[in-house]
Structures are given as structure tokens and as C-alpha cells.
Amino acid sequence: MSEDARVVDNPAASRYEIVVDGVVAGFAQYRLRGGSMVFPHTEVRDEFEGRGLGSRLVGGALDGARAAGLRVVPLCSFVAWYIQRHPEYRDLVDDDYRGLVDTPG
């Protein structure tokens, strides 16, 4: 990918953003609740879809949660899907919400 893409925390807006060539291409909204970071919604703008930016965004957001020592509540289906496919983040999931990332079988 030749474009400049970086994930940044925007605490004033309570979201992680993926910025591509200076443009906010998507975001992962969060709420801090006790020692947890609740992710209710993730979005990538239509013109940036299909580039893997959503995965980069969620990976960066989860890395941020880990660095802050927070548990994760993946209410957003994309965040839950990402954790299912990247089990190295499963330990971050709040115990009460493990069912959202457990895969059958």
C-alpha cells in the first residue's frame, strides 16, 4: 500500500481514526467504562473501502487498549470479527463478553 495511513486516538471525539494522506478515512468509536473500552461502532468511508483499512484501524485501536491496560467490549460486529480472526487480542476481551468472539467448534 503506497498511501500514508496511520491510526490515531482522538480522545476528544472518543474514537480511533485511520488517517490516509491527511484525510480521516474511518473511525472506531469507543466509550470508556470503568477499566474497559467499549467499541459500539466502526466505519470506513465508502471511497476508502476494500483497502484493508478497517482491519488496520481495529488492530491499532486494540493495541491502544492494550497499552492503556484496558479490557475490551466488542459490541461492534466488525471488532468482534477481527478478534475472532486475530486470537492474539482475545485476552483483552472482558470476560462477560467472551461469547461475542468465541467461535463454535
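A search of the whole structure, a predicted model, finds four aromatic pairs. One of these joins tyrosine 82 and tyrosine 89, whose ring centres lie 5.9 Å apart. The planes of these two rings meet at 45°, and the pair is therefore classed as tilted, since the tilted class covers angles that are neither under 30 degrees nor over 60. Tyrosine 82 and tyrosine 89 are both buried. Elsewhere, Tyr16, Tyr30 and Phe39 are linked into a cluster by ring pairs. A further ring, that of phenylalanine 27, has the charged end of arginine 15 over it, at 4.5 Å from the ring centre.

Two members of the aromatic cluster, Tyr16 and Phe39, recur in the largest nonpolar core, which has 28 residues. Tyr16 and Phe39 are among the residues with the most contacts inside this core, together with Met37, Leu53, Leu62, Val72 and Ile83. Two or more core residues come from each of strand E2 (15–20), strand E3 (23–33), strand E4 (36–44), helix H1 (53–67) and helix H2 (77–85). Helix H1 provides the largest share, six residues. In soluble globular proteins, nonpolar side chains tend to be buried together.

Leucine 62 connects several of the residues described above. Beyond residues up to four places away in sequence, leucine 62 touches Phe39, Val72, Tyr82, Ile83, Tyr89 and Leu92. The contacts of leucine 62 thus include both tyrosines of the tilted pair.

In an unreviewed entry, UniProt lists residues 8–94 as "domain: N-acetyltransferase". This span is 28% helix and 37% strand, and its end C-alpha atoms are 23 Å apart.

Technical notes. Residues numbered from 1 in each chain as written. Predicted model: local features only at pLDDT ≥ 70, side-chain atom pairs only at ≥ 80, totals over all residues. Heavy atoms only, no water. Core = buried A, V, L, I, M, F, W, Y, C linked by side-chain atoms within 4.5 Å. Buried < 20%, exposed > 50% of the residue type's maximum accessible area, 1.4 Å probe, protein only. Helix = DSSP H or I, 4+ residues; strand = E, 2+ residues; numbered from the N terminus. Contact = heavy atoms within 4.5 Å. UniProt positions renumbered as here; feature names shortened; annotations may be inferred. Phe/Tyr/Trp six-rings, centres within 6.5 Å; stacked < 30°, edge-to-face > 60°. Lys NZ or Arg CZ within 6 Å of the ring centre and 35° of its normal.
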